[in-house]
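Thanks for coming, everyone. I'll keep this short: a look at the pocket, then the sheet. Have the model open as I talk.

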Amino acid sequence: MGSYFANLFTKTKDEQLLKDKITAYYSSLGITPCDSENSDIVVSLFSPEHSEWTSICSDAFTHNDILALSKPIAESTNTDVISVACFDSDYLFLNLINTAESTDAWLNIGKSYEIKAPRRSNVNAWKNKVRDFESFKLSAKEKFVCAEEFFFSSAENLGLSP
């Protein structure tokens, strides 16, 4: 059994704005906010002082949820938002959106037997978004036993804490 996860990362520290966007998204699906004792969905925001990124995680997130949330968050914050989803360690995608800069970078790692890759990779779109583009590009071409290894090995290159 491999890893499954779908997470968001954004360069805003405005937790209230993030809560409002997440609440609005789930409300649009007919899921109403409630107190923590009665909730079916829990979303965690983690914003370490030493990082420019805020992590947004939930066991309830699907890859469709994070893709749907990323654009409204990017539009509201005018900053980078990265969506990352992993499917049974076979396939991983990363999508970096910054609507203020018209950036929409996509990267596929591995291949899924569950879903078709939603888009084709555009490695060059990451050029101004990573610290060392050449190493990022080389790493994106590697064959990983577990697709999430790419994300963990490239996290620092993205400015994320591993």
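**Pocket and sheet**

Start with the lining of the largest pocket: by class, 9 nonpolar, 5 polar and 4 charged residues. Bear in mind that this is a predicted model. The volume of that pocket comes to about 480 Å³. Which residues lie closest to its centre? Of the 18 lining residues, they are Thr23, Pro33, Ile41, Val42 and Val43. And which element gives the most to the lining? That is α1, with 5 residues.

Now the sheet. It is open and has 6 strands. Read across, the order is β2-β3-β1-β4-β5-β6. The pairing is antiparallel. At the edges sit β2, residues 44-46, and β6, residues 103-110. Each of these two pairs on one side only. On average, neighbouring strands are turned by 15 degrees against each other, direction ignored.

Take the β2 edge in more detail. Its partner is β3, residues 54-57. The two run antiparallel and share 3 bridges. Look for Leu45: it stands opposite Ile56 in β3.

Back to the helix. α1 covers residues 15-28 and packs on the sheet. What does it touch there? The strands are β1, residues 5-10, along with β2 and β3. The direction of α1 makes about 155 degrees with that of β2.

So keep α1 in view for both parts of the talk: the helix packs on the sheet, and α1 also gives the most residues to the pocket lining. That's it from me. Over to you.

Methods: Residues are numbered from 1 along each chain as its sequence is written. This is a predicted model: local features need pLDDT of at least 70, side-chain atom pairs count only at pLDDT 80 or more; totals for chains, interfaces and linings use all residues. Side-chain values use heavy atoms; hydrogens and water are left out. Two strands pair if DSSP finds at least two bridges between them. Helices (H or I, at least four residues) and strands (E, at least two) are DSSP runs, numbered from the N terminus. Axes are lines fitted to C-alpha atoms, for helices over the stretch in contact, and angles run from 0 to 180 degrees between N-to-C directions. Contact means heavy atoms within 4.5 Å. On a 1 Å grid over the protein atoms alone, a cavity is a set of points where a 1.4 Å probe fits but cannot get out, and a pocket is an open set with protein on both sides within 12 Å along at least five of seven lines; lining residues have an atom within 4 Å of a point. Grid points are joined across faces, edges and corners, and a volume is the space filled by probe spheres set on the points. Ala, Val, Leu, Ile, Met, Phe, Trp, Tyr, Cys and Pro count as nonpolar, Asp, Glu, Lys and Arg as charged, and the others, Gly among them, as polar.
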